[in-house]
Amino acid sequence: MKLKVTFLWLLSCSISALSCAQEETTTIPETYTAYKTSEAITIDGEFNEDAWSKVAWSNPFIDIEGKKQPKYKTEVKMLWDDTYFYVLAKMDEPHVWGGDITKRDAIIS
């Protein structure tokens with residue numbers, strides 16, 4: 001009888017542990033390549049320099065909370081030279097704003 005009770009107790013603990021276990025997923029972060037340029041880049045919000053046409057757009061960004069696709073698409077191109085690192089961002093968001101965030105790493109709502 002004691003063996004039967006011990007077996008049932010172990011079985012119920014095992015089932016409980018398995019039902020509470022979360023699926024383990026490995027998230028591999030995106031990698032991006034920034035290319036070196038010898039051409040002059042003008043910081044004007046335009047991308048009419050030849051150097052930008054030689055660089056492919058990144059994959060569209062995903063939502064910060066995981067794999068879901070954001071409502072609006074954001075892509076970037078990156079270049080660097082001996083002095084600066086350049087980032088060209090294309091954002092479809094119609095309401096870009098700086099907001100009133102005053103603390104580092106604050107949540108954007």
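Which residue of β3 does L79 stand opposite? In this predicted model, L79 stands opposite Y86 in β3, and that pair offers a convenient way into the sheet, from which the remainder of the chain can be followed.

The chain contains 2 helices and 3 strands, and read from the N terminus its elements follow the order α-β-α-β-β. Of the 109 residues in the chain, 15% are buried, and the chain exposes about 10000 Å², of which carbon and sulfur atoms supply 57%. Among the contacts in the chain with a separation of 6 or more, 35% are accounted for by residues that are 24 or more positions apart.

The 3 strands come together as an open sheet in the order β1-β2-β3, and the pairing within that sheet is mixed. Because β1 and β3 stand at the edges and each has a single partner strand, one side of each is left without a neighbour in the sheet. The mixed character can be traced pair by pair: β2 and β3 run in the antiparallel sense and are paired over 7 bridges, whereas β1 and β2 pair in the parallel sense over 2 bridges. Strand β2 has 6 of its 7 residues buried, so it is largely enclosed by the rest of the structure.

The antiparallel pair can be followed at individual positions. T74 has M91 in β3 as its bridge partner, and L79, the residue with which this account opened, faces Y86 in β3. The connection from β2 to β3 is a hairpin that passes through 4 residues. On the parallel side, K36 stands opposite W80 in β2.

K36 also takes part in a second kind of link, a salt bridge with D82 in which the closest N and O atoms are 3.0 Å apart. Since K36 lies in strand β1 (residues 35-36) and D82 lies in the loop between β2 (74-80) and β3 (85-91), the pair ties together parts that are 46 residues apart in sequence. The two partners differ in their exposure class, for K36 is partly exposed, with a relative accessible area of 49%, while D82 is exposed, with a relative accessible area of 70%.

How many salt bridges does the structure hold? There are 5 salt bridges in the structure, and the one between K36 and D82 may be set beside two others. K73 forms a salt bridge with E75, with the closest N and O atoms 3.9 Å apart; here K73 counts as partly exposed at 41% relative accessibility, but E75 is buried, with a relative accessible area of 9%. R104 forms a salt bridge with D105, the closest N and O atoms being separated by 3.7 Å, and in this case R104 is exposed, with a relative accessible area of 77%, as is D105, at 67% relative accessibility. Salt bridges with shared partners also join K73, E75 and K90 into one network.

W80, already met as the residue opposite K36, leads from the sheet to the surface. This tryptophan lies in strand β2 and counts as partly exposed, at 34% relative accessibility. Together with F85 and V87, W80 forms a nonpolar patch on the surface, and the three residues have about 310 Å² of accessible area together.

What does the side chain of E93 reach at 3.0 Å? E93 is found in the segment after β3, where its side chain reaches the backbone nitrogen of H95 at 3.0 Å. E93 counts as partly exposed, at 32% relative accessibility. Seen against the sequence, E93 and K71 are 22 residues apart, while in space their C-alpha atoms are 8.3 Å apart.

Taken as a whole, the account returns to the sheet with which it began. Strand β2 pairs with β3 in the antiparallel sense and with β1 in the parallel sense, and the salt bridge between K36 and D82 ties strand β1 to the loop between β2 and β3.

Conventions. Residues are numbered from 1 along each chain as its sequence is written. This is a predicted model: local features need pLDDT of at least 70, side-chain atom pairs count only at pLDDT 80 or more; totals for chains, interfaces and linings use all residues. Side-chain values use heavy atoms; hydrogens and water are left out. Buried means under 20% relative accessible area, exposed over 50%, partly exposed in between (1.4 Å probe, protein chains only). Contact means heavy atoms within 4.5 Å. Accessible areas come from the Shrake-Rupley method with a 1.4 Å probe; for residues, only the protein chains shown count as cover. A salt bridge is a side-chain nitrogen of Lys or Arg within 4 Å of a carboxyl oxygen of Asp or Glu. Patches are made of residues with over 30% relative accessible area and no salt bridge: like charges are joined within 9 Å, nonpolar side chains (Val, Leu, Ile, Met, Phe, Trp, Tyr) within 5 Å. Two strands pair if DSSP finds at least two bridges between them. A polar contact is a pair of N or O atoms within 3.5 Å; within protein, one must be able to donate a hydrogen and the other to accept it, and residues adjacent in sequence count only if both atoms are side-chain atoms.
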